[in-house]
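Please walk through this model with me, stop by stop. Keep your viewer open and your selection tool ready.

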Amino acid sequence: MKLTHYKNLRLKLIAITLAVSIGPLILLGTAIYYQFGKLYQERIEDQIRTLARTQSNAVDVFLRERTTILAMIVETQSFETLNNPENLSKLFWQINQRAEGLGLVDLGVIDKEGNQLAYAGPYNLQGLNYYQQPWFDEVLRRGQFISNVFMGFRQVPHVIIAVKGVTGNNSWILRATIDSEILNRLVRSAQVGTSGDAFIVNRDGVFQTSPRFKGVILGQSKIETQRFGEGTTVIETREDSGDIRYIGGAWLKDREWMLVISQIAGQEHGWMGNARNTEIMIIATGCVVILFAIVLISNTLVRHLEQADCEMNELNSQLIQQDKLAALGKMAAGIAHEINNPLAVIGEKAGWMEDLLAEEEFQNSENYKEFAASIGKIEEHVDRARKITHNMLGFARRMEPRLDDVEINHVLDQTIEMLSNHARINDIEIVKHYTDRLPIIASDQSQLQQVFLNLINNAIDAIGSDGTIDVSTGMEKEYIRISIHDNGPGIPEAIQKKIFDPFFTTKHNGKGTGLGLSISYTIIEKMGGQISIDSHEDQGTTFVVLLPLVLPEKK
């Protein structure tokens with residue numbers, strides 16, 4: 001019952017302490033992780049949004065610069081001048097010479113019927129007709145036009161910039177081709193890190209530049225452009241690996257193109273995943289340390305509580321024992337006092353009857369021997385009853401020790417001498433193992449002799465016949481230790497706790513009163529000592545008496 005109680009108490013202490021210590025730690029770690037993840041997400045989105053906006057502006061400026069150059073040429077050069085192939089080639093050479101990096105592949109002059117009248121560039125496009133090309137009508141209608149990336153007659157991805165010129169009633173077109181690789185290099189500079197990508201798609205989601213990972217130029221991307229609103233928009237998508245990819249889109253070229261910047265946040269396998277794993281490891285380590293400390297502290301507390309409980313139970317047992325002795329002492333004193341008076345009268349009358357039997361007339365009686373035997377029995381039992389009442393009075397009165405100079409070995413020798421005949425008759429050998437030069441102590445020699453007499457006499461009775469009693473002395477810290485061991489049958493464990501109770505005896509009826517050990521216990525306790533028993537069935541019994549080392553005063 002006690003073990004279950006302490007086990008439940010230990011579990012409750014551990015559970016409550018764990019709940020109030022590890023619980024907040026886990027909540028704090030979780031809150032920090034999600035708050036940090038939110039800040040990290042906002043930072044990533046800001047970076048992507050800024051990069052998409054900046055890069056789209058750069059591409060827009062790139063296209064407008066080239067459109068402006070063509071417009072200035074149309075405004076400053078006459079149709080007749082540009083329509084001359086030599087003049088156009090010279091102009092094309094001068095532009096590329098003075099403005100390296102413009103990315104112009106070729107120049108062409110086209111009339112209103114779609115015929116290319118003059119051409120300067122690496123391809124053989126002279127005389128081709130563009131009247132059926134989708135962009136041709138757009139140029140005449142809007143005045144200038146920037147196309148999507150397309151293959152055209154040259155079958156390579158390119159972008160054209162065309163500007164309408166008017167000479168009198170005659171309309172014509174100056175067309176330039178932009179190398180799409182120039183756009184690729186311009187956009188590729190925004191590809192950040194190992195997972196970042198940057199590319200341009202048109203309104204239908206077709207790649208206008210080559211993406212870094214999946215897809216090719218003029219291929220269909222998975223970008224749903226209708227999800228992106230005005231300005232710069234950032235959306236989230238989840239990769240097959242579980243990571244979050246942020247996609248930022250910024251419109252350019254009058255909302256015909258959209259520059260896309262994408263970046264994996266790395267929440268599962270990137271930096272955020274490492275941060276989360278590190279945090280989990282730190283929290284787990286902290287939890288293990290806290291758990292170890294809590295278990296250690298709980299076990300220590302419960303162990304101290306168990307020890308204090310045991311000491312309290314021991315103290316209560318001693319108090320109960322003292323209360324019993326006090327109550328029984330009062331009762332025994334009253335009983336002994338009441339019995340002594342009748343015993344005195346019976347003894348006196350038995351003595352008177354014995355005196356009468358000494359007279360001649362009784363000695364000649366034929367029943368004289370029976371009368372004498374009866375009177376002898378009466379005197380024997382009266383004497384026995386007096387001894388019992390004497391023991392009861394001795395148990396009841398306050399046995400304050402009278403301090404003498406006591407040599408323990410000498411007191412044991414005297415006691416063993418008194419019982420030597422009794423032991424010899426029963427073939428019991430008393431073996432002495434004394435420590436030499438034990439200090440002389442201040443104690444009551446007669447009461448100690450009474451204790452030793454009880455213990456050795458009980459050992460003889462326990463053995464019965466043919467056995468050995470070992471009597472040894474020695475020092476144990478600040479006590480003199482007297483051990484009396486017999487090789488008798490031992491005392492069952494169930495009754496060992498009652499062995500010092502008054503009137504409790506294991507002897508047969510008429511062999512003992514059950515007061516000897518109680519009186520011995522009281523005597524030793526009043527001297528400030530201790531008496532204990534160690535007994536095992538079929539292995540004998542050992543009584544140990546510890547007497548405090550009280551040195552006599554100097555005389």
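The tour visits two sheets and two helices.

Before selecting, note that the model is predicted: local features need pLDDT of at least 70, side-chain atom pairs count only at pLDDT 80 or more, and totals for chains, interfaces and linings use all residues. Numbering starts from 1 along each chain as its sequence is written, and side-chain values use heavy atoms, with hydrogens and water left out.

**Stop 1: the sheet of 5 strands**

Start with the open, antiparallel sheet ordered S2-S1-S5-S4-S3. Strands here are DSSP runs of E with at least two residues, helices runs of H or I with at least four, both numbered from the N terminus. Two strands pair if DSSP finds at least two bridges between them. Select 116-120 and 144-146: these are S2 and S3, the edge strands, each paired on one side only. From one strand to the next, the twist averages 15°. Angles run from 0 to 180 degrees between N-to-C directions, with axes fitted to C-alpha atoms, for helices over the stretch in contact.

Now add S4, residues 158-167; 3 bridges link S4 to S3, antiparallel. Zoom in on Gln144, with Val163 of S4 opposite. Then show H5, which packs on this sheet and touches S4 and S5 (170-179). Contact means heavy atoms within 4.5 Å. The direction of H5 makes about 50° with that of S5.

**Stop 2: helix H5**

Select 180-188. Which residues of H5 are buried? Ser180, Ile182, Leu183, Asn184 and Val187 are. Buried means under 20% relative accessible area (1.4 Å probe, protein chains only). At the start of H5, pick Asp179: one of its side-chain oxygens comes within 3.1 Å of the backbone nitrogen of Glu181.

**Stop 3: the sheet of 4 strands**

Move to the open sheet S6-S9-S8-S7, again with antiparallel pairing. S6 (197-202) and S7 (232-238) are its edges, pairing on one side only. Neighbouring strands turn by 25° on average, direction ignored. Select S8 (residues 244-252): 7 bridges join it to S7, antiparallel. Within S8, Ala250 is the bridge partner of Thr232.

**Stop 4: helix H10**

Select 445-463. The expected span, 1.5 Å times one less than the number of residues, is 27 Å for the 19 residues of H10, and its end C-alpha atoms are 27 Å apart, which agrees. Colour the buried residues, including Leu448, Val451, Phe452, Leu455 and Ile463. At the helix start, a side-chain oxygen of Asp444 lies within 3.2 Å of the backbone nitrogen of Gln447. Finish just after H10, at Gly464, where phi is positive, about 85°.

Key: Buried means under 20% relative accessible area, exposed over 50%, partly exposed in between (1.4 Å probe, protein chains only). A polar contact is a pair of N or O atoms within 3.5 Å; within protein, one must be able to donate a hydrogen and the other to accept it, and residues adjacent in sequence count only if both atoms are side-chain atoms.
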